[in-house]
Amino acid sequence: MNTGLRITTFAAALAATFGAAYGVGQGVGPVAAGSPPQHEGGHTRPARESQEGGAHAGHDTPPAGGLQISDGGYTLDLQTPRVTAGERTDLRFTVRDAAGRALTAYQREHDKELHLIVASRDLVTYRHLHPTRAADGTWSTPVDLPRAGGYRVFADFTPAKKDARNLTLGTDLAASGPYEARRLPPASTTARAGGYDVKLAGALRPGRASELTLKVSRDGRPVTDLQPYLGAYGHLVALRSGDLAYLHVHPNGEPGDGRTSPGPDISFTATAPSSGSYRLFLDFKHEGTVRTAAFTVHAGGAVTGPDTPEGHEADGHGH
């Protein structure tokens with residue numbers, strides 16, 4: 001997983017869908033459950049060169065990437081390509097090298113060897129999962145997808161070899177069940193997440209780095225004791241509507257580096273690969289629980305999404 005000002009982008013392919021509905025402020029004083037938590041050490045690593053499609057420490061526009069099930073000599077082999085909506089299922093997959101062998105050695109990135117994102121094609125359902133790996137290289141994690149339709153699975157990892165670069169591979173997942181199409185939620189700068197309010201400031205801009213700041217509050221008061229989660233005070237994933245191009249960003253500063261406080265503000269720098277509508281998913285931790293807030297934003301141009309009822313809390317976060 002990338003840190004600081006780095007961002008990697010990847011795109012998703014057409015999803016298989018069948019018979020089902022896509023499932024996928026300032027206050028009077030701070031909220032503080034106690035003394036600030038002990039800071040966990042953040043993970044950092046040098047940004048890779050822009051031609052490898054990832055660094056945004058400079059001003060180059062990161063590429064949207066391909067619809068990549070394979071990259072850098074590795075392929076994502078999803079052994080559970082179909083599940084039933086509303087039923088808990090073990091999702092199983094393997095990362096294979098160019099010779100077809102299962103990859104069994106990974107670098108740890110933000111406390112994990114591999115991060116798994118599952119998102120519905122309509123960007124309503126989002127899961128940030130942390131599967132377990134067997135000795136033979138097979139990964140597995142339970143997943144319960146609420147609605148039928150097409151989903152995209154992203155595996156974010158770095159092989160444990162010299163000069164290896166971070167990769168995000170994507171493949172399709174289908175959930176069966178009665179179908180009801182859902183539209184992208186309308187753009188908004190506010191979201192609800194399990195009793196918390198999150199406000200977004202800043203704009204996502206195509207081809208130009210810009211700062212996004214998210215402020216967490218509860219009952220009208222800012223939350224000032226956010227807890228580190230995976231080595232940072234917040235994780236932000238952006239998915240482009242349409243092809244689900246994947247962007248992963250981390251805060252400007254990490255716990256213990258003196259630049260980021262434990263809330264209520266979490267700041268990110270990101271560059272959109274193109275104009276369009278994006279869905280942002282913020283994971284944050286408070287009082288021992290990880291919550292997810294979701295936003296729809298437009299990068300550049302006069303892009304408007306279909307109108308749907310207000311509802312900007314992510315449909316589950318899978319933690």
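These questions and answers cover a strand sheet and some salt bridges in a predicted model.

Student: Which strands are the edge strands of the open sheet ordered β2-β3-β5-β9-β8?
Tutor: Five strands form this open sheet, and the pairing is antiparallel. An edge strand pairs on one side only. That leaves β2 (70-71) and β8 (132-133).

Student: Which residue in β9 stands opposite T132?
Tutor: β8 and strand β9 (residues 138-143) pair in the antiparallel sense over two bridges. Opposite T132 stands S140.

Student: Is D97, the salt-bridge partner of R101, buried or exposed?
Tutor: The closest N and O atoms of D97 and R101 are 2.9 Å apart. R101 is exposed, with a relative accessible area of 55%. D97 has 19% relative accessibility, and buried means under 20%. So D97 counts as buried.

Student: How many residues apart in sequence are the parts that E113 and R133 tie together?
Tutor: The two side chains meet in a salt bridge, 3.0 Å from N to O. E113 lies in the loop between β5 (89-96) and β6 (114-120), whereas R133 lies in strand β8. The parts tied together are therefore separated in sequence by 20 residues.

Student: What is the relative accessible area of R152, which meets D172 in a salt bridge?
Tutor: The N to O distance of this pair is 2.7 Å. D172 lies in strand β11 (residues 167-176) and R152 in strand β10 (residues 149-157). D172 counts as partly exposed at 23% relative accessibility. R152 is buried, and its relative accessible area is 2%.

Student: How many salt bridges does a search of the whole structure find?
Tutor: Among them are D97 with R101 and E113 with R133. The search of the whole structure gives nine.

Terms used:
Residues numbered from 1 in each chain as written. Predicted model: local features only at pLDDT ≥ 70, side-chain atom pairs only at ≥ 80, totals over all residues. Heavy atoms only, no water. Pairing = 2+ DSSP bridges. Helix = DSSP H or I, 4+ residues; strand = E, 2+ residues; numbered from the N terminus. Salt bridge = Lys/Arg side-chain N within 4 Å of Asp/Glu carboxyl O. Buried < 20%, exposed > 50% of the residue type's maximum accessible area, 1.4 Å probe, protein only.
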